[in-house]
Amino acid sequence: MVGQKKRIVLFFQQNCICIAAFLTVALLYSKVAPVLNREPYSSLIPPQQVRALDCQVISNPVKTGSGKLYRCSVRLQQVQGSIAGNNATTSSGNQLALAQASGRATVYLPAAFVEAFYPGKLYSVLSSKTATTDAVGLVEQGVYLHLGLQENFSSKKATASPSITYSESSTINNSSLVGGEPVFYASTCSVLGYGDSWWGRIQEFRGLCRLQFKRLMYGWGDAGGLLVALLCGSGEYTDKEVGDAFHFAGLAHVLALSGMHLSFFAGLAATVFRGGGRKFSLVLSLGAVLLFVWFAGLTPSLLRATICSLLGMATGIWGIKSPMIRILSLCFFIHLVLAPQDLFQLSFQLSYLALAGILLLGPCFEPVTHKFLPASVATSVSASVGAQIFSTPVTLLSLGTMMPGGIIASVVVSPLVSLFMTVGVGAIILSLLWAPLGEPLGHLVNLLYTCLIIPVKLFARIPALELP
């Protein structure tokens, strides 16, 4: 009896961080413990009355499914809205006032404005029916914008104002976040430039690097479009049919920046600079991971992968042995402190559930899979099954569908994606070193692209399971 009590106490001592993470998840998602918005909207002008605003973009603009808008998070600086007694008036006769503002908001920008400098995205500002633009510039994370908002916007989600709505979608801005962010739709846009500081210049340099990368990849056609999605996190140039095929094949996680991409760059750096010792290899891998994250931008899934990678590398450098599930639990708390607004994002939930399934259920299936499959394949299948089991409930509840073919598709396609990325990165480096190599290397990358897309489209034909 005494021995059993000791084992129970020892279990709780060794797994206290995992138990704490489980209890925290239960409290937060049951809404027993509310999650507060750290940067709520604050201004003398109510958000429902805002007709123009100045803000700084704090996330990569992401194209919506319709292709007509880009969504991004912004940090507010000042707003202009209708208040009686002021001399400035709107077209409808309401008087306007200018007030300081703070907090975060979600903004939808016209595609013609964001894509003004994108290769192959040619627009005429004067003929554009979606927006009138006072000043065009590079719209990337860190840029300052002045936006005029739509006054006659109508939507099922709209509440008290035609220019603002509070989103009910967990993939954009979940209302479960107490003091949720307002959502604005822009009709007129002006780029005010980047900050006049060393960090502002770094952000502008990053934006220019991303633009030049898109221009280089545009010359490689569909293969270049997929490389932009895999290395830059931007899906503007991914063929719609191919993007749908990844989704229906249960491979949407391949296009979403996550731990797979960080592992690829960390492994690539360790392979190229091998021979300098384990700690030296870890330091170079860390540098490669941070460089990629800086270039691609932090999404919820990529932030999770980055924290896990940093914790794993730290334990490796310091010689600490810790099970990965404990690192994942600690990562959850760090992520919650850094970005609590990610908690209700679908990508956040699927990212943690998938990795937890791999760590907890994957080893349970290995004895069975090893009987029928080679060791390396059996391990991959077991991990894929574990990830699918853990993530399926959330997928069914949020999307209403499940792609059972994703279990095998991940095993088959993931090595092909790694090969495609390896050759693609090598081809990009060689093309930058000597421009004439760009065209022949582009043909090689497109050949690998074709070999990759064929199995993706085959797996996409497997029927999805849908909730009745």
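I take helices (H or I, at least four residues) and strands (E, at least two) as DSSP runs, numbered from the N terminus. On that basis I count 16 helices and 15 strands in the protein. One reminder to myself before going on: this is a predicted model.

**Entry 1: confidence**

I looked up the pLDDT before anything else. The protein averages 83, and 86% of its residues score at least 70. Which elements mark the two ends of the scale? Strand β3, residues 50-57, has the highest mean pLDDT of the elements at 95, and strand β11, residues 164-165, has the lowest at 37. I also noted residues 124-132, where the pLDDT is below 50 and the model shows 12 contacts beyond near neighbours in sequence. Residues 152-175 likewise stay under 50. For that second stretch I find 56 contacts beyond four places in sequence.

**Entry 2: the whole chain**

Next I checked burial and contact range. Of the 468 residues in the protein, 46% are buried. I then took the contacts between residues at least 6 apart in sequence, and 71% of these join residues at least 24 apart.

**Entry 3: a helix pair**

I turned to helix α15 (residues 406-433) and helix α16 (residues 438-460). Two packed helices are described by the angle between their axes and the distance between the axes, so I looked up both. The axes of α15 and α16 come within 10 Å and cross at roughly 170°. Are they roughly parallel or antiparallel? Angles over 145 degrees count as roughly antiparallel, and α15 and α16 are therefore roughly antiparallel to each other. I also sorted the residues of the contact of α15 with α16: 21 are nonpolar, 3 are polar and none is charged.

**Entry 4: E181**

Is E181 buried or exposed? I place E181 in the loop between β12 (177-178) and β13 (183-193). Its relative accessibility is 4%, so E181 counts as buried. I went looking for side-chain partners and noted two. The side chains of E181 and R104 are joined by a polar contact of 3.0 Å. T106 offers its side chain to another polar contact with the side chain of E181, at 3.3 Å.

**Entry 5: Q56**

Back to β3, the strand with the highest mean pLDDT among the elements, where I picked out Q56. At 16% relative accessibility, Q56 counts as buried, because the cut-off is under 20%. What does Q56 touch beyond its neighbours within four places in sequence? I list S73, V74, R75, G142, V143, Y144 and Q203. With Y144, the side chain of Q56 makes a side-chain polar contact of 3.5 Å. I also looked up L192: it lies 136 residues from Q56 in sequence, with 9.4 Å between the C-alpha atoms.

**Entry 6: S43**

S43 sits in strand β2, residues 42-43. I find it partly exposed, at 22% relative accessibility. Not counting residues up to four places away in sequence, S43 touches V79, A99, Q100 and A101. V79 is 36 residues from S43 along the chain, and their C-alpha atoms are separated by 7.8 Å. Where does the side chain of S43 reach the backbone of Q100? It reaches the backbone oxygen of Q100, at 2.9 Å. The side chain of S43 also reaches the backbone nitrogen of I45, at 3.3 Å.

**Entry 7: two residues of helix α14**

I looked at S384 and T395 together. S384 is in helix α14, residues 375-399, and T395 lies in helix α14 too. S384 is buried, with a relative accessible area of 10%, and T395 is buried at 16%. Leaving aside neighbours within four places in sequence, S384 is in contact with G406, I407, S410 and V411. For T395, I find L350, G400 and T401, again not counting residues up to four places away. A polar atom of the T395 side chain lies 2.9 Å from the backbone oxygen of S391. Q349 is 46 residues from T395 along the chain, and the C-alpha atoms are 9.6 Å apart.

**Entry 8: K31**

My last look-up was a backbone angle. Most residues other than glycine have a negative phi. K31 is not a glycine, yet its phi is positive, at about 65°. I place K31 in the loop between α2 (16-29) and β1 (35-36), and at 56% relative accessibility K31 counts as exposed.

Note on methods. Residues numbered from 1 in each chain as written. Predicted model: local features only at pLDDT ≥ 70, side-chain atom pairs only at ≥ 80, totals over all residues. Heavy atoms only, no water. pLDDT = per-residue confidence, 0-100. Contact = heavy atoms within 4.5 Å. Axes fitted to C-alpha atoms, helices over the stretch in contact; angles between N-to-C directions. Parallel < 35°, antiparallel > 145°, perpendicular 65-115°, else oblique. Nonpolar A, V, L, I, M, F, W, Y, C, P; charged D, E, K, R; others polar. Buried < 20%, exposed > 50% of the residue type's maximum accessible area, 1.4 Å probe, protein only. Polar contact = N/O pair within 3.5 Å; in protein donor to acceptor, adjacent residues only side chain to side chain.
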